[in-house]
Each structure stands twice: as C-alpha cells, then as structure tokens.
Amino acid sequence: MTDHREDWWMRDVPDHIDLDLPGIYEWRIGSESLYIGKSARLRGRIREYPNNVRKLIAGEPYRKGKPTSYREVHHELRNAHDGMIAVTVTVLENCARLDLNQRERYWIATRRAEAERGGPRVLNATKQRK
C-alpha cells in the first residue's frame with residue numbers, strides 16, 4: 001500500500017472564478033490524460049477527487065451502495081499519486097446551473113478534438129485502459 005500524500009495535486013483557479021458557483025473543471029494527469037467535469041458548487045466537487053484517491057489507497061469503498069464503483073479517472077489519479085506524476089485541476093469557467101450539461105459537452109468535445117491532434121487522452125466515458 002502506498003502512503004497518501006497531501007501535496008500530490010495542484011489547483012489552478014483563475015481570479016475571476018467563484019468556487020461557490022456552478023462551473024466546469026478539468027483534471028490534467030501529466031501530459032497523458034485529462035477529465036472534464038461539472039458541478040453545481042465547484043469547491044466541494046474539487047475536494048471529492050483527492051478524497052476518492054485517499055479512499056482508494058486506504059481500501060475504503062467508493063460509496064456505501066456502490067463500494068467498487070470508482071471511475072477510470074479515480075484510478076488514473078491514484079496512479080499519478082503513486083507515480084509522482086503532476087496533477088492539476090483547473091476551473092475552466094463558471095456558468096449558469098442550467099447550462100452545466102451543455103458546457104460540459106462543449107469542453108469534452110473540444111478536448112477530444114485536441115486529443116485527435118495528439119493531445120492528452122480524454123477519460124470521459126471511455127472504456128479503454130492503458
């Protein structure tokens with residue numbers, strides 16, 4: 001078992017972003033992969049991912065009703081934690097709560113187009129594993 005490190009990831013929040021509002025965020029795992037997410041309140045959601053890594057390391061369940069339902073992004077973040085790979089979460093934008101799904105789809109499509117041109121692999125809704 002690997003020990004959990006508190007300083008294994010960095011936050012990139014532009015000055016104009018309010019973490020108490022809805023918005024879109026991106027986890028970058030080294031230069032290899034990324035994950036786009038949305039939240040009605042960014043502050044809490046950003047904390048969930050490092051907490052999920054801590055739980056994976058400790059052998060704890062994901063949720064009571066879904067103990068083994070960690071997603072690919074959680075495992076990729078765990079691997080980055082263990083491998084000392086740079087991880088950054090960037091808040092891309094604040095948006096209206098009603099626009100969250102549309103804005104998330106926009107950013108996923110944008111990053112997938114970048115991946116097709118040689119950019120990082122997009123982890124959203126992909127079944128492939130490295």
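## Salt bridges, a helix and two nonpolar cores

In this predicted model, the side chains of Arg 28 and Glu 26 come together in a salt bridge, with a distance of 3.0 Å from N to O. The two partners differ in their surroundings: Arg 28 is partly exposed, with a relative accessible area of 25%, whereas Glu 26 has a relative accessibility of 3% and therefore counts as buried, the limit for that class being under 20%.

A salt bridge is also formed by the side chains of Glu 72 and Arg 121, at 3.1 Å from N to O. Because Glu 72 belongs to helix α2 and Arg 121 to strand β5, which covers residues 121-122, this pair ties together parts of the chain that lie 49 residues apart in sequence. Both Glu 72 and Arg 121 are buried. Through salt bridges with shared partners, Glu 26 and Arg 28 are joined with Arg 111 and Glu 114 into one network.

In total, the structure holds twelve salt bridges. One of them links the side chains of Asp 20 and Arg 43, again with 3.0 Å from N to O. Asp 20 is placed in the loop between β1 and β2, while Arg 43 is part of helix α1, so that this pair ties together parts that are 23 residues apart in sequence. Asp 20, at 38% relative accessibility, counts as partly exposed, and Arg 43, with a relative accessible area of 28%, is likewise partly exposed.

Helix α1, to which Arg 43 belongs, runs over residues 42-58 and comprises 17 residues. From its first C-alpha to its last, α1 reaches 25 Å, which is close to the 24 Å expected at 1.5 Å a residue. The buried residues of this helix include Leu 42, Ile 46, Tyr 49, Val 53 and Leu 56. In an α-helix there are 3.6 residues a turn, so residues three or four places apart point the same way. The buried residues of α1 pack against the strands β1 (10-12), β2 (23-29), β3 (33-39) and β4 (87-94), and also against helix α2 (72-83). After the helix comes Gly 59, a residue whose phi is positive, near 75°.

The largest nonpolar core consists of 19 residues, of which Tyr 25, Trp 27, Tyr 35, Leu 42, Tyr 49, Leu 77 and Val 87 touch the most other members. Two or more residues are given to this core by each of β2, α1, α2 and β4, and the largest share, five residues, comes from α1. Within that helix, Tyr 49 is one of the buried residues; when its neighbours within four places in sequence are left aside, Tyr 49 is in contact with Tyr 25, Trp 27, Tyr 35, Arg 71, Val 73, His 74 and Leu 77. Apart from the largest core lies another core, of nine residues, among them Leu 34, Ile 36, Cys 95 and Trp 107.

Ser 33, finally, lies in strand β3 and, at 1% relative accessibility, counts as buried because that value falls under 20%. Leaving aside neighbours within four places in sequence, Ser 33 is in contact with Trp 27, Arg 28, Glu 76, Pro 120, Arg 121 and Leu 123. Among these contacts, Arg 28 takes part in the salt bridge with Glu 26, Arg 121 in the salt bridge with Glu 72, and Trp 27 is a member of the largest nonpolar core.

Conventions: Residues are numbered from 1 along each chain as its sequence is written. This is a predicted model: local features need pLDDT of at least 70, side-chain atom pairs count only at pLDDT 80 or more; totals for chains, interfaces and linings use all residues. Side-chain values use heavy atoms; hydrogens and water are left out. Helices (H or I, at least four residues) and strands (E, at least two) are DSSP runs, numbered from the N terminus. The expected span of a helix is 1.5 Å times one less than its number of residues. Buried means under 20% relative accessible area, exposed over 50%, partly exposed in between (1.4 Å probe, protein chains only). Contact means heavy atoms within 4.5 Å. A nonpolar core is a set of buried Ala, Val, Leu, Ile, Met, Phe, Trp, Tyr and Cys residues joined through side-chain atoms within 4.5 Å. A salt bridge is a side-chain nitrogen of Lys or Arg within 4 Å of a carboxyl oxygen of Asp or Glu.
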